[in-house]
Amino acid sequence: MNSVWVEHCDMPHFESLAGSIKTDVLIIGGGMAGVLCARFLQEKGVDYTLVEGRTIGSGITKDTTAKITAQHGLLYAKLLRTMGEEAARKYLDVNLQAVQKYRELCKQISCDFETKTSYIYSRNDRKKLEEEADALRKIGYDTILVQDTGLPFATAGAIGFGDQGQFHPLKFIAGIAHGLNIYEHTFVKEFKNHTAVTDKGNIVFQKVIFATHFPIDNKHGMYFLKLYQHRSYVIALEHAEDVDGMYLDAEKGGFSFRNYGDLLLLGGGSHRTGKSGGNWQQLREFARDHYPRAVQKYAWATQDCMSLDGVAYIGRYGKHMPDCYVATGFNKWGMTTSMVSAMILSDLVMEKDNPYADVFDPARSMWKPQLLCNGWEAITNLLTISKKRCPHLGCALKWNPAEHSWDCSCHGSRFEADGTLIDNPANGDLSRKNLL
(Lines give C-alpha, C1' and ligand atoms only; values in the text may rest on other atoms or scores of the structure.)
Protein backbone atom coordinates (compact mmCIF):
# COMPACT_ATOMS: atom_id res chain seq x y z
CA MET A 1 0.00 0.00 0.00
CA ASN A 2 1.35 3.41 -0.95
CA SER A 3 1.18 6.52 1.20
CA VAL A 4 -0.60 9.66 0.06
CA TRP A 5 2.84 11.23 -0.50
CA VAL A 6 3.87 8.64 -3.09
CA GLU A 7 0.65 9.15 -5.03
CA HIS A 8 1.11 12.91 -5.28
CA CYS A 9 4.76 13.46 -6.22
CA ASP A 10 7.11 12.98 -9.15
CA MET A 11 10.59 12.34 -7.80
CA PRO A 12 13.87 13.23 -9.56
CA HIS A 13 16.08 10.33 -10.60
CA PHE A 14 19.84 9.95 -10.36
CA GLU A 15 22.28 7.65 -12.12
CA SER A 16 23.90 4.64 -10.49
CA LEU A 17 27.58 4.71 -9.67
CA ALA A 18 29.66 3.54 -12.66
CA GLY A 19 33.18 2.72 -11.55
CA SER A 20 35.31 3.59 -8.54
CA ILE A 21 35.54 7.16 -7.18
CA LYS A 22 37.04 9.18 -4.31
CA THR A 23 35.24 11.63 -2.05
CA ASP A 24 36.02 13.52 1.15
CA VAL A 25 32.67 12.68 2.81
CA LEU A 26 30.52 9.70 1.90
CA ILE A 27 26.86 9.81 2.95
CA ILE A 28 25.09 6.44 2.97
CA GLY A 29 21.32 6.71 2.83
CA GLY A 30 19.06 8.93 0.75
CA GLY A 31 16.26 9.60 3.20
CA MET A 32 15.50 13.00 4.71
CA ALA A 33 18.54 12.99 7.02
CA GLY A 34 20.99 11.96 4.31
CA VAL A 35 19.75 14.42 1.69
CA LEU A 36 19.76 17.28 4.20
CA CYS A 37 23.35 16.40 5.15
CA ALA A 38 24.26 16.53 1.45
CA ARG A 39 22.53 19.87 1.04
CA PHE A 40 24.36 21.47 3.97
CA LEU A 41 27.76 20.06 3.00
CA GLN A 42 27.32 21.37 -0.53
CA GLU A 43 26.45 24.81 0.83
CA LYS A 44 29.66 24.70 2.89
CA GLY A 45 31.80 23.73 -0.11
CA VAL A 46 32.64 20.24 1.16
CA ASP A 47 33.42 17.48 -1.32
CA TYR A 48 30.81 14.76 -0.67
CA THR A 49 28.96 11.90 -2.35
CA LEU A 50 25.60 10.45 -1.33
CA VAL A 51 24.72 6.86 -2.26
CA GLU A 52 21.29 5.28 -1.91
CA GLY A 53 20.59 1.58 -2.39
CA ARG A 54 17.20 2.26 -3.96
CA THR A 55 15.90 5.76 -4.71
CA ILE A 56 15.91 8.87 -2.55
CA GLY A 57 12.98 9.13 -0.16
CA SER A 58 11.93 5.53 -0.83
CA GLY A 59 12.50 4.28 2.71
CA ILE A 60 10.92 5.62 5.89
CA THR A 61 10.67 9.17 4.48
CA LYS A 62 7.86 8.20 2.10
CA ASP A 63 5.84 6.74 4.99
CA THR A 64 6.06 9.52 7.58
CA THR A 65 3.11 11.58 8.77
CA ALA A 66 5.38 14.59 8.13
CA LYS A 67 4.92 16.61 11.30
CA ILE A 68 7.62 19.20 11.92
CA THR A 69 7.70 19.97 15.62
CA ALA A 70 9.96 20.36 18.63
CA GLN A 71 7.27 18.71 20.76
CA HIS A 72 8.30 15.06 21.00
CA GLY A 73 5.72 13.58 23.31
CA LEU A 74 5.87 14.51 26.99
CA LEU A 75 9.66 14.50 26.81
CA TYR A 76 10.85 17.67 28.53
CA ALA A 77 9.84 16.74 32.07
CA LYS A 78 11.71 13.46 31.54
CA LEU A 79 14.78 15.27 30.18
CA LEU A 80 14.87 17.54 33.22
CA ARG A 81 14.87 14.50 35.51
CA THR A 82 17.38 12.39 33.58
CA MET A 83 19.70 14.80 31.74
CA GLY A 84 19.32 18.10 33.58
CA GLU A 85 18.17 21.61 32.79
CA GLU A 86 20.97 22.55 30.40
CA ALA A 87 20.49 19.46 28.22
CA ALA A 88 16.71 19.89 28.17
CA ARG A 89 17.09 23.52 27.11
CA LYS A 90 19.58 22.57 24.38
CA TYR A 91 17.25 19.86 23.09
CA LEU A 92 14.41 22.36 22.85
CA ASP A 93 16.53 25.10 21.28
CA VAL A 94 18.02 22.95 18.50
CA ASN A 95 14.64 21.45 17.62
CA LEU A 96 13.02 24.89 17.46
CA GLN A 97 15.89 25.93 15.17
CA ALA A 98 15.16 22.86 13.02
CA VAL A 99 11.51 23.88 12.68
CA GLN A 100 12.59 27.37 11.64
CA LYS A 101 15.10 26.00 9.12
CA TYR A 102 12.35 23.95 7.47
CA ARG A 103 10.17 27.05 7.35
CA GLU A 104 12.93 28.99 5.57
CA LEU A 105 13.68 26.22 3.07
CA CYS A 106 9.99 25.63 2.36
CA LYS A 107 9.63 29.22 1.17
CA GLN A 108 11.77 28.18 -1.82
CA ILE A 109 10.01 24.84 -2.45
CA SER A 110 6.41 24.03 -3.30
CA CYS A 111 5.79 21.34 -0.70
CA ASP A 112 2.43 22.23 0.91
CA PHE A 113 4.04 23.61 4.06
CA GLU A 114 1.55 24.86 6.65
CA THR A 115 2.10 26.42 10.05
CA LYS A 116 0.18 24.45 12.68
CA THR A 117 0.00 24.02 16.44
CA SER A 118 1.27 20.67 17.67
CA TYR A 119 -0.58 19.07 20.61
CA ILE A 120 0.01 16.17 22.97
CA TYR A 121 -3.31 15.17 24.52
CA SER A 122 -4.24 12.89 27.39
CA ARG A 123 -7.55 11.13 27.80
CA ASN A 124 -7.44 10.98 31.58
CA ASP A 125 -4.26 12.45 33.12
CA ARG A 126 -4.26 16.23 33.36
CA LYS A 127 -1.42 16.10 35.90
CA LYS A 128 1.03 14.76 33.30
CA LEU A 129 0.24 17.68 31.03
CA GLU A 130 0.69 20.19 33.82
CA GLU A 131 4.05 18.66 34.79
CA GLU A 132 5.23 18.95 31.20
CA ALA A 133 4.06 22.57 31.04
CA ASP A 134 5.96 23.34 34.26
CA ALA A 135 9.11 21.70 32.84
CA LEU A 136 8.87 23.75 29.65
CA ARG A 137 8.42 27.00 31.57
CA LYS A 138 11.51 26.13 33.62
CA ILE A 139 13.62 25.96 30.45
CA GLY A 140 12.09 29.12 29.00
CA TYR A 141 9.24 27.96 26.76
CA ASP A 142 5.72 29.26 27.38
CA THR A 143 3.51 26.47 26.15
CA ILE A 144 -0.25 26.31 25.59
CA LEU A 145 -2.41 24.19 27.90
CA VAL A 146 -5.98 23.75 26.59
CA GLN A 147 -9.03 21.93 27.88
CA ASP A 148 -11.02 21.51 24.67
CA THR A 149 -9.22 19.74 21.83
CA GLY A 150 -11.93 19.33 19.21
CA LEU A 151 -11.08 15.64 18.94
CA PRO A 152 -14.04 13.23 18.63
CA PHE A 153 -13.74 11.94 22.21
CA ALA A 154 -13.35 13.35 25.71
CA THR A 155 -9.86 14.28 26.92
CA ALA A 156 -8.26 15.74 30.01
CA GLY A 157 -6.81 18.46 27.80
CA ALA A 158 -3.75 18.97 25.63
CA ILE A 159 -0.42 20.77 25.75
CA GLY A 160 0.48 22.70 22.62
CA PHE A 161 3.46 24.16 20.77
CA GLY A 162 2.49 27.02 18.48
CA ASP A 163 4.12 27.86 15.13
CA GLN A 164 5.13 24.31 14.27
CA GLY A 165 4.62 22.85 10.80
CA GLN A 166 3.51 20.11 8.46
CA PHE A 167 4.33 19.49 4.80
CA HIS A 168 4.59 17.02 1.91
CA PRO A 169 7.90 15.24 2.63
CA LEU A 170 8.56 13.90 -0.87
CA LYS A 171 7.86 17.23 -2.56
CA PHE A 172 10.33 18.78 -0.12
CA ILE A 173 13.05 16.19 -0.62
CA ALA A 174 12.57 16.37 -4.39
CA GLY A 175 13.07 20.13 -4.20
CA ILE A 176 16.26 20.12 -2.15
CA ALA A 177 17.82 17.17 -4.01
CA HIS A 178 18.21 18.97 -7.34
CA GLY A 179 21.85 19.62 -8.09
CA LEU A 180 23.20 17.37 -5.33
CA ASN A 181 25.87 14.72 -5.94
CA ILE A 182 23.70 11.62 -5.55
CA TYR A 183 23.93 8.06 -6.86
CA GLU A 184 20.83 5.87 -6.68
CA HIS A 185 20.63 2.06 -6.92
CA THR A 186 24.11 1.92 -5.39
CA PHE A 187 24.07 -0.48 -2.45
CA VAL A 188 27.02 -0.52 -0.04
CA LYS A 189 27.87 -4.15 0.76
CA GLU A 190 30.92 -3.82 3.00
CA PHE A 191 33.75 -1.58 4.20
CA LYS A 192 37.51 -2.02 3.85
CA ASN A 193 40.02 0.58 5.04
CA HIS A 194 38.11 3.79 4.24
CA THR A 195 36.59 2.15 1.19
CA ALA A 196 32.91 1.39 0.64
CA VAL A 197 32.40 -1.61 -1.60
CA THR A 198 29.38 -1.58 -3.93
CA ASP A 199 28.47 -3.74 -6.90
CA LYS A 200 28.90 -0.63 -9.08
CA GLY A 201 32.44 0.20 -7.93
CA ASN A 202 34.39 1.20 -4.84
CA ILE A 203 34.22 4.56 -3.06
CA VAL A 204 37.32 5.74 -1.21
CA PHE A 205 36.41 8.28 1.47
CA GLN A 206 37.98 10.24 4.30
CA LYS A 207 34.83 10.39 6.44
CA VAL A 208 31.46 8.69 6.26
CA ILE A 209 27.96 9.50 7.55
CA PHE A 210 25.61 6.55 8.15
CA ALA A 211 22.09 7.85 7.48
CA THR A 212 20.64 4.38 6.91
CA HIS A 213 17.81 4.49 9.47
CA PHE A 214 19.25 1.56 11.47
CA PRO A 215 23.10 1.57 11.48
CA ILE A 216 24.51 -1.16 9.24
CA ASP A 217 27.84 -1.83 10.99
CA ASN A 218 27.41 -4.34 13.86
CA LYS A 219 30.99 -4.37 15.09
CA HIS A 220 30.99 -0.96 16.78
CA GLY A 221 28.66 1.31 18.72
CA MET A 222 26.43 -1.41 20.24
CA TYR A 223 23.45 -0.21 18.20
CA PHE A 224 22.01 -3.73 18.14
CA LEU A 225 21.40 -3.25 21.88
CA LYS A 226 20.76 0.51 21.92
CA LEU A 227 17.93 0.38 19.37
CA TYR A 228 14.76 -1.49 18.60
CA GLN A 229 12.22 -0.86 15.84
CA HIS A 230 8.55 -0.04 16.06
CA ARG A 231 5.72 -0.35 13.51
CA SER A 232 2.85 2.13 13.30
CA TYR A 233 -0.01 2.50 10.84
CA VAL A 234 -1.87 5.29 9.05
CA ILE A 235 -5.13 5.57 7.15
CA ALA A 236 -6.12 8.67 5.17
CA LEU A 237 -9.82 9.43 5.44
CA GLU A 238 -12.03 11.48 3.15
CA HIS A 239 -15.15 13.14 4.62
CA ALA A 240 -13.70 13.28 8.13
CA GLU A 241 -13.47 16.40 10.26
CA ASP A 242 -10.59 18.89 10.12
CA VAL A 243 -8.76 18.78 13.46
CA ASP A 244 -6.96 22.10 12.79
CA GLY A 245 -3.65 21.02 14.27
CA MET A 246 -1.38 18.02 14.83
CA TYR A 247 -2.36 15.74 17.72
CA LEU A 248 -0.70 12.77 19.44
CA ASP A 249 -1.79 10.77 22.48
CA ALA A 250 0.55 11.02 25.47
CA GLU A 251 0.11 7.28 26.07
CA LYS A 252 1.63 4.49 24.02
CA GLY A 253 -0.88 2.83 21.74
CA GLY A 254 -2.97 5.99 21.29
CA PHE A 255 -3.94 7.79 18.10
CA SER A 256 -2.43 10.65 16.12
CA PHE A 257 -4.28 13.13 13.91
CA ARG A 258 -3.38 15.67 11.23
CA ASN A 259 -4.97 16.88 8.03
CA TYR A 260 -3.55 17.00 4.52
CA GLY A 261 -5.80 18.86 2.14
CA ASP A 262 -9.27 17.32 2.46
CA LEU A 263 -7.89 14.16 4.10
CA LEU A 264 -7.58 13.29 7.77
CA LEU A 265 -4.46 11.23 8.51
CA LEU A 266 -5.28 8.93 11.42
CA GLY A 267 -2.32 7.06 12.94
CA GLY A 268 -1.97 4.32 15.55
CA GLY A 269 -2.19 0.54 15.91
CA SER A 270 1.49 0.49 16.87
CA HIS A 271 3.66 -2.37 18.16
CA ARG A 272 7.26 -3.49 18.33
CA THR A 273 8.35 -4.89 14.97
CA GLY A 274 7.94 -8.67 15.00
CA LYS A 275 5.17 -8.51 17.61
CA SER A 276 1.40 -8.33 17.18
CA GLY A 277 -0.60 -5.11 17.42
CA GLY A 278 -3.71 -3.28 16.39
CA ASN A 279 -2.44 -2.25 12.92
CA TRP A 280 -4.96 -0.95 10.37
CA GLN A 281 -7.82 -2.93 11.91
CA GLN A 282 -7.69 -0.81 15.07
CA LEU A 283 -7.68 2.39 13.02
CA ARG A 284 -10.60 1.28 10.85
CA GLU A 285 -12.67 0.32 13.88
CA PHE A 286 -11.96 3.73 15.43
CA ALA A 287 -12.93 5.46 12.18
CA ARG A 288 -16.21 3.53 11.96
CA ASP A 289 -17.11 4.60 15.50
CA HIS A 290 -16.04 8.25 15.31
CA TYR A 291 -16.16 9.16 11.62
CA PRO A 292 -19.04 7.09 10.26
CA ARG A 293 -19.24 9.09 7.01
CA ALA A 294 -15.52 8.79 6.29
CA VAL A 295 -14.08 6.83 3.37
CA GLN A 296 -10.57 5.39 3.43
CA LYS A 297 -8.48 6.63 0.48
CA TYR A 298 -4.98 5.47 1.49
CA ALA A 299 -3.39 3.18 4.03
CA TRP A 300 0.28 2.64 4.85
CA ALA A 301 2.67 1.71 7.63
CA THR A 302 6.01 3.00 8.82
CA GLN A 303 8.90 1.90 11.00
CA ASP A 304 10.79 3.89 13.60
CA CYS A 305 14.09 3.29 15.40
CA MET A 306 13.67 3.78 19.14
CA SER A 307 16.58 4.75 21.38
CA LEU A 308 17.08 3.76 25.01
CA ASP A 309 16.19 7.16 26.47
CA GLY A 310 13.97 8.94 23.93
CA VAL A 311 16.83 11.01 22.48
CA ALA A 312 18.37 10.33 19.06
CA TYR A 313 21.95 9.15 18.52
CA ILE A 314 23.73 11.78 16.42
CA GLY A 315 27.51 12.01 16.30
CA ARG A 316 30.54 9.73 16.14
CA TYR A 317 29.57 6.17 15.27
CA GLY A 318 31.77 4.51 17.88
CA LYS A 319 34.94 4.83 19.91
CA HIS A 320 37.03 2.90 17.40
CA MET A 321 35.53 4.54 14.30
CA PRO A 322 36.90 8.11 14.52
CA ASP A 323 36.05 9.06 10.92
CA CYS A 324 32.50 7.67 11.00
CA TYR A 325 29.31 9.45 12.01
CA VAL A 326 25.74 8.32 12.50
CA ALA A 327 22.17 9.63 12.75
CA THR A 328 19.63 7.14 14.12
CA GLY A 329 17.07 6.48 16.86
CA PHE A 330 14.68 9.27 15.88
CA ASN A 331 11.88 7.93 18.15
CA LYS A 332 9.04 8.73 15.70
CA TRP A 333 10.17 12.34 15.20
CA GLY A 334 12.09 11.78 12.00
CA MET A 335 11.40 15.04 10.21
CA THR A 336 12.63 17.43 12.88
CA THR A 337 15.42 15.11 13.96
CA SER A 338 16.64 14.71 10.38
CA MET A 339 17.18 18.46 10.28
CA VAL A 340 18.90 18.41 13.69
CA SER A 341 21.14 15.59 12.43
CA ALA A 342 22.17 17.52 9.33
CA MET A 343 22.87 20.67 11.33
CA ILE A 344 25.10 18.79 13.79
CA LEU A 345 26.84 16.34 11.45
CA SER A 346 27.68 18.93 8.80
CA ASP A 347 29.66 20.69 11.55
CA LEU A 348 31.27 17.57 13.02
CA VAL A 349 32.61 16.22 9.72
CA MET A 350 34.31 19.61 9.23
CA GLU A 351 35.76 19.28 12.75
CA LYS A 352 33.77 22.26 13.97
CA ASP A 353 32.28 22.29 17.46
CA ASN A 354 28.50 22.18 17.60
CA PRO A 355 26.93 23.45 20.84
CA TYR A 356 24.18 20.79 20.76
CA ALA A 357 26.21 17.71 19.87
CA ASP A 358 26.76 16.58 23.46
CA VAL A 359 23.02 16.07 24.05
CA PHE A 360 22.80 13.52 21.23
CA ASP A 361 26.23 11.89 21.71
CA PRO A 362 25.88 8.16 20.83
CA ALA A 363 28.51 7.35 23.47
CA ARG A 364 26.30 8.48 26.38
CA SER A 365 25.35 5.95 29.05
CA MET A 366 23.45 2.86 27.94
CA TRP A 367 22.23 2.01 31.45
CA LYS A 368 18.51 2.49 30.88
CA PRO A 369 15.58 0.12 31.57
CA GLN A 370 14.99 -0.32 27.84
CA LEU A 371 18.43 -1.93 27.51
CA LEU A 372 17.22 -4.93 29.52
CA CYS A 373 14.11 -5.22 27.35
CA ASN A 374 16.20 -5.16 24.17
CA GLY A 375 18.65 -7.70 25.53
CA TRP A 376 15.89 -10.04 26.68
CA GLU A 377 14.15 -9.84 23.29
CA ALA A 378 17.40 -10.70 21.51
CA ILE A 379 18.21 -13.65 23.80
CA THR A 380 14.72 -15.19 23.64
CA ASN A 381 14.58 -14.81 19.87
CA LEU A 382 17.99 -16.31 19.33
CA LEU A 383 16.85 -19.32 21.37
CA THR A 384 13.53 -19.63 19.51
CA ILE A 385 13.40 -22.65 17.22
CA SER A 386 12.58 -21.51 13.70
CA LYS A 387 13.84 -22.37 10.23
CA LYS A 388 13.49 -18.78 9.11
CA ARG A 389 16.33 -16.70 10.59
CA CYS A 390 17.27 -13.08 10.02
CA PRO A 391 20.63 -12.78 8.22
CA HIS A 392 21.49 -9.74 10.36
CA LEU A 393 22.34 -11.55 13.64
CA GLY A 394 20.41 -14.80 13.36
CA CYS A 395 17.19 -14.04 15.25
CA ALA A 396 13.99 -15.94 14.51
CA LEU A 397 11.63 -14.34 12.00
CA LYS A 398 7.88 -14.14 12.60
CA TRP A 399 5.13 -13.90 10.02
CA ASN A 400 3.25 -10.58 9.99
CA PRO A 401 -0.26 -11.45 8.71
CA ALA A 402 -1.36 -7.82 8.39
CA GLU A 403 1.51 -6.85 6.08
CA HIS A 404 2.37 -10.30 4.67
CA SER A 405 6.02 -10.07 5.65
CA TRP A 406 8.64 -11.88 7.71
CA ASP A 407 9.67 -9.60 10.59
CA CYS A 408 12.49 -9.70 13.16
CA SER A 409 11.57 -8.53 16.67
CA CYS A 410 15.25 -8.26 17.70
CA HIS A 411 16.33 -5.44 15.41
CA GLY A 412 13.44 -4.85 13.01
CA SER A 413 14.61 -6.27 9.68
CA ARG A 414 11.66 -7.17 7.42
CA PHE A 415 11.32 -9.31 4.31
CA GLU A 416 8.70 -9.92 1.66
CA ALA A 417 7.08 -13.37 1.52
CA ASP A 418 9.56 -14.29 -1.23
CA GLY A 419 12.52 -13.23 0.96
CA THR A 420 13.21 -9.84 -0.62
CA LEU A 421 14.60 -7.36 1.94
CA ILE A 422 12.20 -4.56 2.92
CA ASP A 423 13.82 -2.89 5.94
CA ASN A 424 17.36 -2.98 7.35
CA PRO A 425 19.59 -3.57 9.36
CA ALA A 426 19.87 -6.83 7.38
CA ASN A 427 21.88 -6.03 4.25
CA GLY A 428 20.46 -8.64 1.88
CA ASP A 429 17.58 -10.93 0.99
CA LEU A 430 16.77 -14.18 2.75
CA SER A 431 18.64 -17.18 1.36
CA ARG A 432 16.80 -19.96 -0.43
CA LYS A 433 17.54 -22.19 2.57
CA ASN A 434 15.69 -19.69 4.81
CA LEU A 435 12.60 -19.84 2.65
CA LEU A 436 12.17 -23.63 2.66
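This briefing describes selected features of one protein structure, grouped by topic. The structure is a predicted model, and the residues named below carry their numbers along the chain as its sequence is written. The model holds one disulfide, which joins Cys395 to Cys410. It also has an open sheet of four strands with antiparallel pairing, and a pair of packed helices, helix 2 (residues 32-43) and helix 9 (residues 334-348).

**The disulfide and other cysteines**

- A disulfide is a covalent bond between the sulfur atoms of two cysteines.
- In this model the bond runs between Cys395 and Cys410, whose sulfur atoms are 2.2 Å apart, and with -95 degrees about the S-S bond the link is left-handed.
- Cys395 lies in the loop between helix 10 (369-383) and strand 18 (397-400), while Cys410 lies in the loop between strand 19 (405-408) and strand 20 (414-416), so the disulfide ties together parts that are 15 residues apart in sequence.
- Cys395 counts as buried, at 2% relative accessibility, and Cys410 is buried as well, with a relative accessible area of 2%.
- Why does Cys106 not form a bond with Cys111? The sulfur of Cys111 is the closest cysteine sulfur to that of Cys106, but at 3.4 Å it is too far for a bond, because a disulfide requires the two sulfur atoms to be within 2.5 Å.
- Cys106 is buried, and its relative accessible area is 8%.
- Cys305 is in no disulfide either, since the nearest cysteine sulfur, which belongs to Cys408, is 12 Å away; Cys305 is buried, with a relative accessible area of 3%.

**The four-stranded sheet**

- Strands of a sheet pair through backbone hydrogen bonds, either parallel or antiparallel.
- The open sheet described here has its four strands in the order 18-19-20-21, and the pairing is antiparallel.
- Strand 18 and strand 21 (421-423) are the edge strands, each of which pairs on one side only, and neighbouring strands of the sheet are turned by 30 degrees against each other on average, with direction ignored.
- Strand 18 and strand 19 pair in the antiparallel sense over four bridges, and Cys408 in strand 19 is the bridge partner of Leu397.
- These two strands, 18 and 19, form a hairpin with four residues between them, and His404 in the turn has a positive phi of about 55 degrees.

**The packing of helix 2 and helix 9**

- Helix 2 and helix 9 pack at an angle of about 35 degrees, with their axes 8 Å apart, and the crossing of the two helices is right-handed.
- On the side of helix 2 the contact involves Met32, Ala33, Leu36, Cys37, Phe40 and Leu41, and these meet residues of helix 9 that include Met335, Met339, Ala342, Met343 and Leu345.
- Which classes of residue make up this contact, nonpolar, polar or charged? The contact of helix 2 with helix 9 has 11 nonpolar residues, three polar residues and no charged residues.

**The surroundings of Phe153**

- Phe153 is found in the loop between strand 5 (144-146) and strand 6 (157-166), and Phe153 is buried, with a relative accessible area of 13%.
- When residues up to four places away in sequence are not counted, Phe153 touches Tyr121, Arg123, Phe257, Phe286 and His290.
- Phe153 and Arg123 are 30 residues apart along the chain, and their C-alpha atoms are separated by 8.4 Å.

**Backbone features to look for**

- Most residues other than glycine have a negative phi, and most peptide bonds are trans.
- The peptide bond from Asn424 to Pro425 is cis, with omega near 25 degrees, and Pro425 is found in the loop between strand 21 and helix 11 (432-435).
- Asp112 has a positive phi, near 60 degrees; Asp112 is found in the loop between helix 4 (85-106) and strand 4 (114-122), and Asp112 is partly exposed, with a relative accessible area of 29%.
- Is Asn193, whose place is in the loop between strand 8 (188-191) and strand 9 (195-198), buried or exposed? Asn193 counts as exposed, at 76% relative accessibility, and the phi of Asn193 is positive, near 50 degrees.

Methods
Predicted model: local features only at pLDDT ≥ 70, side-chain atom pairs only at ≥ 80, totals over all residues. Heavy atoms only, no water. Buried < 20%, exposed > 50% of the residue type's maximum accessible area, 1.4 Å probe, protein only. Pairing = 2+ DSSP bridges. Axes fitted to C-alpha atoms, helices over the stretch in contact; angles between N-to-C directions. Left-handed = near helix turned anticlockwise from the far one by under 90°. Contact = heavy atoms within 4.5 Å. Nonpolar A, V, L, I, M, F, W, Y, C, P; charged D, E, K, R; others polar.
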